[in-house]
Amino acid sequence: MSNLIKNITEFALYLVQGYISEGDVVVDATCGNGYDTLRLAQLSPAKLYAFDIQQEAVDATRKRLREAGFAEKLENGTIEVICDSHDHLTDHVKTFIQAAVFNLGYLPGADKGCTTSASSTMRAVRSCLSRLEPDGLVCITMYSGHPAGRQEKEHLLAFAENLDKRQWHCAYINLINQPAAPPEILLITRKKRPE
Ligand SMILES: C[S@@+](CC[C@H](N)C(=O)[O-])C[C@H]1O[C@@H](n2cnc3c(N)ncnc32)[C@H](O)[C@@H]1O
């Protein structure tokens, strides 16, 4: 296993995979170049939804999935790569979900202006929580090294800190001795309903 503390995106995926079993419904809210979507597809969910607002990202994700042997799952709808904002999630996802992954920011190598924003991210996170199974996980990787990312992080942390402790557990992972605003992870899980 790679050194997870040195590689925060691997750390996020490592945590998420512990929550997903074959047959679950899973969301990648920001598919980008498709690396995270592919890792989620390899966990054999019953349904995988991947969102991005950029057609370029949707095409890159579909290509990566096809090349990795998931063409049939794309064709039969087991995996849906959707060119739409994640804050329209409930237009597409009609069931409960076991996990949702947000890897915020902009598409590496593309227009840095096309970045996730606090307002739509907050709406999308709320939608995911409204659909989250007990013991399911929403995992958000945040990048506060740019102004929109800083604002997003502030909104997300304020929101998570104030979630009802009887219903939710929230954790925040940050690299406290690293310079230049390294990526950070916010985790939100729904507590099991009392028996
Ligand atoms: C850091 S990249 C994601 C990396 C990706 N998970 C991967 O494995 O390659 C962030 C992505 O979020 C997308 N994005 C920005 N705003 C969005 C929105 N409102 N809804 C969905 N995706 C959005 C960007 O287009 C970009 O591709």
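The following exchange takes up the ligand and the pocket of this predicted model.

User: What makes the approach of Tyr 35 to the ligand a polar contact?

Analyst: A backbone N or O atom of Tyr 35 lies 3.2 Å from an oxygen atom of the ligand, and because a pair of N or O atoms within 3.5 Å counts as a polar contact, this pair qualifies. His 86 is treated in the same way, since one of its polar backbone atoms is 2.9 Å from a nitrogen atom of the ligand. The protein covers 95% of the 610 Å² of accessible area that the ligand has on its own.

User: Why is Gly 34 counted as a polar contact of the ligand?

Analyst: The distance between a backbone N or O atom of Gly 34 and an oxygen atom of the ligand is 3.5 Å, and the cut-off is within 3.5 Å, so the pair is counted.

User: Which residues come nearest to the ligand?

Analyst: Of the 22 residues around the ligand, Thr 30, Asp 36, Asp 52, Gln 54 and His 86 come nearest. By class, this shell holds 7 nonpolar, 12 polar and 3 charged residues.

User: Which pocket does the ligand take up, and what lines that pocket?

Analyst: The ligand takes up the space of the largest pocket, whose volume is about 610 Å³. Among the 29 residues that line this pocket, Asn 103, Leu 104, Gly 105, Tyr 106 and Leu 107 are the closest to its centre. The lining divides into 11 nonpolar, 15 polar and 3 charged residues, and at least two of its residues come from each of α2 (35-41) and β2 (47-52).

Technical notes. Residues numbered from 1 in each chain as written. Predicted model: local features only at pLDDT ≥ 70, side-chain atom pairs only at ≥ 80, totals over all residues. Heavy atoms only, no water. Near = heavy atom within 4 Å. Polar contact = N/O pair within 3.5 Å; in protein donor to acceptor, adjacent residues only side chain to side chain. Areas by Shrake-Rupley, 256 points an atom, 1.4 Å probe, with all protein chains shown as cover. 1 Å grid on protein atoms, 1.4 Å probe; cavity = no way out; pocket = protein on both sides within 12 Å on 5 of 7 lines; lining within 4 Å. Sits in = over half its atoms within 2 Å of the grid points. Nonpolar A, V, L, I, M, F, W, Y, C, P; charged D, E, K, R; others polar. Points joined across faces, edges and corners; volume = space filled by probe spheres on them. Helix = DSSP H or I, 4+ residues; strand = E, 2+ residues; numbered from the N terminus.
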